[in-house]
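Notebook open, structure loaded. I want to walk through one helix and then whatever it leads me to.

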Amino acid sequence: PLPEYYFSLLKVMANKGYEIIIILESDIPDYLELPPNITLLSWPSRTGNYIKDALFLAQLIRQKHPDTLIVNCGSIKKFLLTGWLLKVKNRVLWLHTTLKQNELNFDKAKWKFHFNYRISQLAYKFANRIIANSEGTLKD
């Protein structure tokens, strides 16, 4: 689930008239009361199929013509690369978890974590704005 501070930001943006589409990596919660210009979607692939999800995102970008994408968590690579390929003007990477926290939460082999981290670092180059919520996150 998204933390409350994301929903606070989204509500401020919605009140300013922006159309907002959120793609969740989980089921859409039914308890949320959101303004009508905020739409919640789920990724079509529940197994992490990068191609299927990237095509879904590309179709959405072509339909909506956003000028900004804000991405965090597990969708970083597909969001930033797809946004860059489709020339979305602002591709914002919002980092909120330190490298050590991610490493502790990773339940696969350590080499897979480090490989995935290196690939993510390459994907960061497709962001033209980076927001970090702490000094520790910024250093990582």
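Before checking the helix length I noted the yardstick: the expected span of a helix is 1.5 Å times one less than its number of residues. I also kept in mind that this is a predicted model.

**Entry 1: overall layout**

I started with the whole chain and got six helices and five strands. Reading along the sequence, I wrote down the pattern α-β-β-α-β-α-β-α-α-β-α. Of the 140 residues, 31% count as buried. I then looked at contacts with a separation of 6 or more, and residues 24 or more positions apart account for 47% of them.

**Entry 2: helix H2**

I picked H2, residues 50-64, for a closer look. Its 15 residues reach 21 Å from first C-alpha to last, close to the 21 Å expected. Which residues of H2 are buried? I found Asp53, Ala54, Leu57, Ala58, Leu60 and Ile61. These cover an arc of only 165° around the axis, so they sit on the same side of H2. That reminded me of the textbook point: an α-helix has 3.6 residues a turn, so residues three or four places apart point the same way.

Next I turned the helix over. The face away from the buried side carries Ile51, Leu55, Arg62 and Gln63, which are exposed. I noted that Ile51 and Leu55 are on that exposed list.

What do the buried residues of H2 pack against? I wrote down strands E1 (20-24), E2 (38-42) and E3 (68-71), plus helix H3 (76-85). Just after H2, I noticed that His65 takes a positive phi of about 50°.

**Entry 3: Asp53**

An Asp on the buried list made me stop. Asp53 lies in H2, and its relative accessible area is 1%, so it counts as buried, the cut-off being under 20%. What does Asp53 touch, leaving out residues up to four places away in sequence? I got Trp43, Pro44, Ser45 and Lys78.

**Entry 4: the cores**

I looked up the largest nonpolar core next, and it has 14 residues. Those with the most contacts inside it are Ile23, Leu57, Val71, Ile76, Phe79, Leu80 and Leu93. The elements giving two or more residues to this core are H2, E3, H3 and strand E4 (90-95).

Leu57 belongs to the buried side of H2, so I listed its contacts too, again skipping residues up to four places away. Leu57 touches Ile23, Trp43, Lys78, Phe79 and Thr82. There is also a second, separate core of eight residues, and Ile22, Leu24, Ile38 and Leu40 are among them.

**Entry 5: strand E1**

Four of the five residues of E1 are buried, so this strand is largely enclosed by the rest of the structure. E1 pairs with E2 in the parallel sense, over five bridges. I found Ile22 standing opposite Leu40 of E2. A general reminder for myself: in a regular strand the side chains alternate between the two faces of the sheet.

Leu24 lies in E1, and at 9% relative accessibility it counts as buried. I also checked Leu24 against Ser75: they are 51 residues apart in sequence and 9.2 Å apart in space, C-alpha to C-alpha.

**Entry 6: aromatic pairs**

How many aromatic pairs does a search of the whole structure find? I got three. The rings of Trp43 and Phe79 have centres 5.8 Å apart and planes at 85°, so I logged the pair as edge-to-face. Trp43 lies in the loop between E2 and H2 and Phe79 in H3, so this pair ties together parts that are 36 residues apart in sequence. Are these two buried or exposed? Both Trp43 and Phe79 are buried.

The rings of Trp84 and Phe126 have centres 4.8 Å apart and planes at 55°, so that pair is tilted. Trp84 lies in H3, while Phe126 is in the loop between helix H5 (110-124) and strand E5 (129-132), so the pair ties together parts 42 residues apart in sequence. Trp84 is partly exposed, with a relative accessible area of 42%, and Phe126, at 22%, counts as partly exposed as well.

Last note of the day: ring pairs link Trp43, Phe56 and Phe79 into a cluster.

Note on methods. Residues are numbered from 1 along each chain as its sequence is written. This is a predicted model: local features need pLDDT of at least 70, side-chain atom pairs count only at pLDDT 80 or more; totals for chains, interfaces and linings use all residues. Side-chain values use heavy atoms; hydrogens and water are left out. Buried means under 20% relative accessible area, exposed over 50%, partly exposed in between (1.4 Å probe, protein chains only). The arc is that of the directions from the helix axis to the C-beta atoms. Contact means heavy atoms within 4.5 Å. Two strands pair if DSSP finds at least two bridges between them. A nonpolar core is a set of buried Ala, Val, Leu, Ile, Met, Phe, Trp, Tyr and Cys residues joined through side-chain atoms within 4.5 Å. Rings of Phe, Tyr and Trp (its six-membered ring) pair if their centres lie within 6.5 Å; planes under 30 degrees apart count as stacked, over 60 as edge-to-face and the rest as tilted.
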